[in-house]
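Trainee: I am new to this structure and would like a close look at a single part of it. Could you take me through the annotated binding site and its surroundings?

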Amino acid sequence: MQRRHFVQGVAALGLLSPSRLLAAAAESGGPGPVGADALPELAGPLTVYLGRGEGGLYDDVVAAIEKRNPALKLKIRRAPSAALANTLLAESRAGVKRADLFWSIDASSLGAVAGAGLGRPVPDDIQGQIKPDFRYDAWAAVSGRLRTVPYNPTRVSREAIPDDIMAFADSDLRIGWAPAYGAFQSFVTAMRLLAGEGPTRSWLTGVNRHAKTYAGELGVAMGVARGEVDVGFANHYYTLRLKKGQPDADLALALTAGDAGSLVNSSGVVLLDDNPLAANFLRYLLSREVQSYLAREAFEIPMIAGVPGPAGLPTPIEPPAINLTRLDDLQPTLELLRETGVL
């Protein structure tokens, strides 16, 4: 049903040259969502390296784009985003080029690839659509994921939850976390960059004394709802998806303010060559239809102004000021996790 609904949402596309996309945005009242009917037809071979994630919903997006563009000869390589980033770096060192576009679920992988000089500049009309705080020269943000504190309201009140992420190290709360999970490691990397290595080490050591480890952040949200822990650290959409399927689950969302605990990370795309087809595929990902679909079904945060965000997102969101490309500095984070016994 979800896939059919999305396909129907892009069923009647017309043709418009890329040079007119900014004009289309202007006609709708300024930079904002461009409808799929304003996008060029996709035709020819295109190889995409796609980081796995979002429960198959990204595959639904790809299937809908293929259905609308029968002349598109799409080849997809699927693997974890970090693994694909390493593959791209290895291929570059070997003088091999197999991918036209890298679609990652995490800015750390995007930064690693772009930082190696593999990314091509994002076209101006695409940059002009993306929210200003998420514009980067060598990659394009597609959807946002907010760090949150899921909590069980039968075990702890909202007022008892710190609004400073560093305060959790000294709290009496029973905490769930997933240290081996990529999103958690990006969060700790942000903490290192914002608070420093010493405070981050102390935080990891403190939280580790009263934390329960899960394999992934969906498991964290489920553990909170079952009452195994009072609170957890996880991206926002795990709680929202769980609540959609189980509206009566004992689960709610809290936010910290202005620190790594309220980081807005991003999925996104690195264009790996100057192939216009790759840029046009990216334009589809930023279309009104795809952005709305990702917000509605994946509960991700749209990167295009004018597209409603996911239902149930907590407010106010006060993220820290950080260049997401810097999240590629992962190795010191892994070393810190090992030194503190967290991994």
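Mentor: What follows describes the annotated residues first and then the pocket around them.

This is a predicted model, and the starting point comes from a record: in an unreviewed UniProt entry, the annotation "binding site" covers Tyr237 and Tyr238. Both Tyr237 and Tyr238 are included in the lining of the largest pocket.

Tyr237 lies in helix α10, which runs over residues 236–245, and Tyr238 has its place in helix α10 as well. Tyr237 counts as buried because its relative accessibility is 3%, under the 20% cut-off, and Tyr238, with a relative accessible area of 9%, is buried too. The side chain of Tyr237 makes a polar contact of 3.1 Å with the side chain of Asn235. For Tyr238, a polar contact of 2.5 Å joins its side chain to that of Tyr181, and, once neighbours within four places in sequence are left aside, Tyr238 is in contact with Tyr181, Glu217, Leu218 and Ala221.

Turning to the pocket itself, the largest pocket holds about 690 Å³ of space, and of the 32 residues that line it, Ser81, Ala82, Ile105, Asp106 and Gly182 are the closest to its centre. Several elements each supply at least two residues of this lining, namely α4 (81–93), α5 (107–115), β4 (140–151), α7 (182–195) and α10, and α4 gives the most, with five residues. By residue class, the lining divides into 14 nonpolar, eleven polar and seven charged residues.

Conventions. Residues are numbered from 1 along each chain as its sequence is written. This is a predicted model: local features need pLDDT of at least 70, side-chain atom pairs count only at pLDDT 80 or more; totals for chains, interfaces and linings use all residues. Side-chain values use heavy atoms; hydrogens and water are left out. UniProt positions are given in the numbering used here, feature names are shortened, and annotations may be inferred rather than shown by experiment. On a 1 Å grid over the protein atoms alone, a cavity is a set of points where a 1.4 Å probe fits but cannot get out, and a pocket is an open set with protein on both sides within 12 Å along at least five of seven lines; lining residues have an atom within 4 Å of a point. Helices (H or I, at least four residues) and strands (E, at least two) are DSSP runs, numbered from the N terminus. Buried means under 20% relative accessible area, exposed over 50%, partly exposed in between (1.4 Å probe, protein chains only). A polar contact is a pair of N or O atoms within 3.5 Å; within protein, one must be able to donate a hydrogen and the other to accept it, and residues adjacent in sequence count only if both atoms are side-chain atoms. Contact means heavy atoms within 4.5 Å. Grid points are joined across faces, edges and corners, and a volume is the space filled by probe spheres set on the points. Ala, Val, Leu, Ile, Met, Phe, Trp, Tyr, Cys and Pro count as nonpolar, Asp, Glu, Lys and Arg as charged, and the others, Gly among them, as polar.
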